[in-house]
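Here's a quick tour for anyone meeting this structure for the first time. Have a look at it below, and then we'll start with the ligand.

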Amino acid sequence: MQNKNIRIVLAGPRGNMGSEAVKMVANTNHFNLVAVVDSKHNNMLLKDVPGAPQLDIPVFNDLEECLINHECDVLIDLTTPKTGRRHMEIAFRHGVHPVVGTTGFSEQDIQQLTEIANEKQIGAIIAPNFAIGAILMMKFSQAAAKYFQNVEIIEQHHDKKLDAPSGTAVKTAKMIMENREGMKQGHPDEVETIKGSRGGTFEGIPIHSVRLPGLVAHQEVIFGGHGQTLTIRHDSINRESFMPGVKLAVETVMKLDTLIYGLENIID
Ligand code: NAP
């Protein structure tokens, strides 16, 4: 059964992801956007923030103050790792379920936040990739690895991305390794005449990172076998691609009493 009228506060409404998420929340019948948290437009209405949609939604620059003034069920955070972590702690204190797409949390962050979620028995979701197609690409790749041990990953992103390889590429390699013997891909005696030509490796799987303007987020997993190759590819063409995953996470988090890391853990 679907939760009716989930009350949502969204942090980061002017960002690339946040602005798309505001539209998704506003256009979803059973979601109710009660406030947004924006560092630069305290005490305004969202409609008065340059470039924002025409919505009479109050803007706070402090999440704590926002949650004292507005009852809410879910916090969607699409900001920065430092802010996202602080926001999660505030949300837990107020009994609000965090749904966090912000990337860059350390393993220690995840562990500590899981402890808080368990202690308070409040469900939370951190999903470094909300694109459901990307999650399926990872799952299909894991399944294919049972039959194809030879594999390389090529991930492509816009040139504003700071980290390489992408978290999704590493996660894909980790999932493949559950069905693959540890072995180095390529000829044992291969030599790179230009350093880095064979990409970075995760447990023997080469990962190649491409960074170019015009790209959003794309990944190809190429398996090789006798007389055949199998390519599993996913493309996020724009940030709309992440919104079905955000919506699913908001609906799911209401039923959880612990922290789930990764959308793959809530998709069958
Ligand atoms: P972005 O365009 O830079 O947006 C980030 C927004 O967060 C900015 O509007 C920024 O506002 C705001 N912000 C920073 N600190 C804040 C605070 N203390 N309170 C309120 N707002 C604050 O970045 P983006 O591309 O939207 O990405 C946001 C996050 O999502 C990043 O971590 C990115 O890696 C991640 N991401 C996740 C997915 C996924 O599928 N999970 C997909 C793409 C991106 P200011 O201008 O005031 O700094």
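This is a predicted model, and a good place to begin is Pro 128, where a backbone N or O atom sits 3.1 Å from a nitrogen atom of the ligand. Taken by itself, the ligand exposes 920 Å², and the protein buries 74% of that. Two elements give two or more residues to the shell around the ligand: α1 (16–26) and α3 (81–93).

Here is Pro 128 again, alongside two other polar contacts with the ligand:

| Residue | Protein atom | Ligand atom | Distance |
|---|---|---|---|
| Met 17 | backbone N or O | oxygen | 2.8 Å |
| Ser 39 | side-chain N or O | oxygen | 2.5 Å |
| Pro 128 | backbone N or O | nitrogen | 3.1 Å |

So who else is around? In total, 22 residues surround the ligand, and the closest are Met 17, Ser 39, Thr 103, Ala 127 and Phe 130. Sorted by character, the shell has seven nonpolar, 11 polar and four charged residues.

Phe 130 turns up in the protein's interior as well. The largest nonpolar core has 54 residues, and Phe 130 is among those with the most contacts inside it, along with Ile 8, Ile 76, Phe 223 and Val 250. If you skip its neighbours within four places in sequence, Phe 130 is in contact with residues including Met 17, Leu 78, Val 99, Phe 242, Val 246 and Leu 263. There's also a second, separate core of 14 residues, with Ala 11, Val 37, Phe 60 and Cys 72 among them.

Note on methods
Residues are numbered from 1 along each chain as its sequence is written. This is a predicted model: local features need pLDDT of at least 70, side-chain atom pairs count only at pLDDT 80 or more; totals for chains, interfaces and linings use all residues. Side-chain values use heavy atoms; hydrogens and water are left out. A nonpolar core is a set of buried Ala, Val, Leu, Ile, Met, Phe, Trp, Tyr and Cys residues joined through side-chain atoms within 4.5 Å. Buried means under 20% relative accessible area, exposed over 50%, partly exposed in between (1.4 Å probe, protein chains only). Contact means heavy atoms within 4.5 Å. A residue is near a molecule or strand if one of its heavy atoms lies within 4 Å of it. A polar contact is a pair of N or O atoms within 3.5 Å; within protein, one must be able to donate a hydrogen and the other to accept it, and residues adjacent in sequence count only if both atoms are side-chain atoms. Accessible areas come from the Shrake-Rupley method with a 1.4 Å probe; for residues, only the protein chains shown count as cover. Helices (H or I, at least four residues) and strands (E, at least two) are DSSP runs, numbered from the N terminus. Ala, Val, Leu, Ile, Met, Phe, Trp, Tyr, Cys and Pro count as nonpolar, Asp, Glu, Lys and Arg as charged, and the others, Gly among them, as polar.
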